[in-house]
Amino acid sequence: MALGFFSRLKEGLTRSTQKLTTGITTVFTRRKLDDAALEELEELLIAADLGPAAASHIIEEFRRSKFGKDVTDEEVKQSLAEEIAAILAPVAQPLVIDRALRPHVVLVVGVNGTGKTTTIGKLALQYQQQGLRPILVAGDTFRAAAVEQLQVWGSRTGAVVVSGPPNADAAGLAYDALTRARNEGADVLLIDTAGRLHNKAALMEELAKIIRVLQKQDPTAPHSVLLVLDATTGQNAIEQVRVFSDLVAVTGLVVTKLDGSARGGIVVALAQAFGLPVHAVGVGEQAGDLRPFEAMDFARGLVGAS
Amino acid sequence: MFDTLSGKLSGVFDRLRSRGALNEADIADALREVRLALLEADVALPVVRDFINTVRERSLGAEVLESVSPGQLVIKIVNDVLIEALGGAGAVPLNLNVAAPVPILMVGLQGSGKTTTSGKIALRLFKRDRKRVLLASLDTQRPAAQLQLQQLAQQAGVASLPIIAGQTPVEIARRAMDTGRREVFDVVILDTAGRLSIDQALMDEVRAIREATSPAETLLVVDAMTGQDAVNTARAFNEAVGVTGIVMTRMDGDARGGAALSMRQITGAPIKLTGSGEKLDALEEFHPERVAGRILGMGDIVGLVERASETVDQDEAEKLARKMARGTFDLDDYAKQLKQITKMGSLSGILGMLPGIGKMKAQIEDANLDQGILKRQAAIISSMTMKERRTPDVIKASRKKRIAAGSGTSVQEVNRLLKQFDDMSTMMKRMTKLGQKGLMRQGMGALMPKQQQNRRPY
Ligand SMILES: Nc1nc2c(ncn2[C@@H]2O[C@H](COP(=O)(O)OP(=O)(O)OP(=O)(O)O)[C@@H](O)[C@H]2O)c(=O)[nH]1
Ligand SMILES: Nc1nc2c(ncn2[C@@H]2O[C@H](COP(=O)(O)OP(=O)(O)O)[C@@H](O)[C@H]2O)c(=O)[nH]1
Ligand SMILES: [Mg+2]
Ligand SMILES: [Mg+2]
């Protein structure tokens with residue numbers, strides 16, 4: 001386990017799962033795992049945003065192996081966490097930057113306000129620390145002060161920021177930035193985009209255009225398309241992943257705001273439905289607040305196992 | 001993905017032939033479906049429980065009349081309870097009834113839409129109510145947040161508080177109110193940094209801001225996509241600062257919006273406004289009946305129709321309506337119609353123009369088409385020959401393939417379009433046959449082809 005992994009996340013999760021924990025504790029101290037207990041357990045999962053379908057699926061698995069047994073609180077948490085971790089393990093994959101690409105092009109997309117720009121700032125710091133040279137592209141040419149926001153991240157992390165005038169064509173900007181990154185031999189090109197709702201066809205088409213234009217220069221670009229999800233999002237996250245994947249071939253997810261009280265249980269449903277890698281989680285607003293996604297830790301946090 | 005609640009419920013009640021009062025056993029299955037629908041719509045679990053209890057109480061002993069099925073009756077009860085829980089009929093306006101400058105405090109989680117909404121409210125108060133508005137950003141946390149609000153103020157044509165680096169949020173709040181008094185502003189909107197409900201230090205800070213400014217309105221800005229965490233957020237902010245109103249943003253998305261019910265139930269505060277886009281004019285009153293339909297998966301039909309009447313060219317619409325009535329409406333007309341309604345989003349818009357239908361808007365099932373589909377449909381029609389548009393019957397497999405390829409869509413989509421056009425034509429023929437009186441008496445149900453009456457909207 002990475003050093004300091006989840007230290008902040010854990011803090012948040014501990015607090016956020018206190019209720020869930022207490023719930024499980026009260027449900028399962030000295031109690032037989034019967035229908036009523038399983039139902040309550042299912043509700044605890046629903047309250048963590050797993051969604052009724054995923055929650056019921058997990059509980060059914062659980063019923064098969066544990067029904068009627070006398071179980072302690074710790075056992076229930078442990079095996080429930082294992083059940084969930086088994087679902088999450090295949091998707092816990094870091095984003096690996098291919099140093100040979102120069103640049104590895106990462107397009108960052110998502111609905112409004114999920115944390116795209118912040119995540120780019122955090123990634124930029126990580127890459128700098130790994131001795132890689134990132135270039136950031138202020139591809140949100142729409143929202144007020146979005147360019148300036150990314151420029152602040154550039155100066156915080158020491159990364160170069162490529163930007164254009166307000167309302168400039170994001171695809172053209174991305175194209176120019178790629179030219180520059182290739183010329184300068186940058187390792188990573190992190191392209192920020194304006195937040196957009198997946199049900200807006202015209203805005204989604206803009207993203208597709210960015211990709212088409214990048215491919216004129218490098219047919220293999222973008223090498224990664226990161227969809228940034230907000231952990232407070234409920235069942236709509238499924239639609240987000242479905243539509244973004246359909247239209248811009250998402251290669252991985254980043255889940256933000258896990259330092260709050262939202263538990264991000266939707267990740268479990270997403271892992272079951274799509275199996276897309278979850279590369280990292282955001283646990284705060286500072287540059288250092290990005291962590292790898294680790295299945296067992298996340299699962300234990302989710303159910304409040306110690 | 002999921003069928004609408006109405007579809008499921010009529011399934012549940014299909015085997016129920018009995019008439020008379022509903023009993024406990026009758027409604028248990030139905031309530032299970034209601035519960036599931038609410039959870040899928042992101043209504044928070046404790047709120048769902050209360051809601052189900054209310055519906056159960058009201059359903060028990062309710063008389064099933066000849067004219068409605070038990071399923072319809074339960075739907076009606078669910079819908080009624082939901083609308084009441086969301087605040088009943090009518091929107092609640094912002095309270096500006098204190099001495100000027102009136103402080104409005106914006107609070108919420110990171111990225112929920114506070115800054116944008118501040119700009120939207122400023123624009124509305126300035127444009128519609130001719131108020132002098134001052135926008136002040138207390139967000140010293142997010143990079144370029146103060147600049148963001150300043151730029152929005154410029155877009156809205158209102159003043160913003162000059163940015164002074166290094167001031168604390170409370171200091172900025174005091175300065176904003178001082179400026180508001182000195183320069184005789186009517187309203188001062190205080191935009192704050194996003195904060196997590198569990199962040200004690202920042203929750204204390206917002207409390208201090210509130211104490212320093214005594215806002216007339218403390219608006220909690222919430223994303224319509226919010227899941228179960230809505231309860232925690234609502235409770236924490238309400239306890240810390242006493243929420244007086246809720247703004248639901250991103251209603252232009254396709255989230256079912258169950259957080260609206262959770263928020264309203266936990267805080268007891270009315271939902272006052274909704275955000276329906278990124279631009280500053282995308283601010284609307286909250287309509288409980290529309291959001292109820294949305295939560296139940298029945299689509300925000302009335303909203304679409306209302307938007308329709310604002311955007312559609314009235315003359316053109318009447319011309320097309322006449323063509324419909326004559327039964328000479330072809331795919332070319334349909335394409336024209338698509339162009340017109342791309343902005344507003346639904347076919348129900350055209351139907352809303354027809355005499356006698358206006359009152360039945362809510363029953364028009366065929367809503368919820370998103371703009372993407374409409375655009376693709378327009379592309380499909382433009383890939384057809386003149387002959388194909390006039391007489392769609394000639395479009396068989398090979399033509400479908402050609403049209404799909406030409407429009408960058410799939411044969412399935414071409415089929416869907418043709419089916420839809422077909423349904424529409426059938427509907428129109430029935431409509432003409434029934435005449436206005438028949439329509440009033442039998443409702444929209446009379447128009448729907450039989451097998452389609454319980455079909456879910458797209
Ligand atoms: N607590 C917390 N806040 C975060 C995290 N990630 C981002 N934020 C905050 O969420 C808000 C939105 O973040 P942005 O990075 O601007 O999000 P975005 O997706 O670029 O937003 P738009 O470009 O406006 O669509 C900011 O206030 C960030 O500070 C996180 O992991 N934890
Ligand atoms: N589609 C849509 N986007 C919105 C709406 N309200 C805000 N946004 C977007 O959400 C993002 C975050 O908004 P912002 O006002 O900066 O949130 P804040 O962090 O709470 O101040 C921005 O990209 C806004 O353009 C809305 O009603 N609909
Ligand atoms: Mg951004
Ligand atoms: Mg803001």
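Helix α4 of chain A covers residues 52–66; helices here are DSSP runs of H or I with at least four residues, numbered from the N terminus. This is a predicted model, in which local features need pLDDT of at least 70, side-chain atom pairs count only at pLDDT 80 or more, and totals for chains, interfaces and linings use all residues. Residues are numbered from 1 along each chain as its sequence is written, and chains are lettered from A in the order in which they are written.

The 15 residues of α4(A) reach 20 Å from first C-alpha to last, close to the expected 21 Å, the expected span being 1.5 Å times one less than the number of residues. Within α4(A), A54(A), A55(A), I58(A) and I59(A) are buried, meaning that 20 or more other C-beta atoms, placed from the backbone, lie within 10 Å of the residue's own (12 or fewer makes a residue exposed, and partly exposed lies in between). Seen down the axis, the buried residues of α4(A) fall within an arc of 125°, so they line one face of the helix; the arc is taken from the directions from the helix axis to the C-beta atoms. An α-helix has 3.6 residues a turn, so residues three or four places apart point the same way.

The cover over the buried residues of α4(A) includes α3 (35–47), α5 (73–88) and α11 (266–273) of chain A. On the face turned away from the buried side, α4(A) carries the exposed residues E60(A) and R64(A). Just after α4(A), G68(A) takes a positive phi of about 80°.

Chain A also touches chain B, with 36 residues from chain B and 36 residues from chain A in the contact; two residues are in contact if their C-beta atoms, placed from the backbone, lie within 7 Å. On the chain B side, α6(B) gives the most, with 4 residues.

How values were computed:
Helix = DSSP H or I, 4+ residues; strand = E, 2+ residues; numbered from the N terminus.
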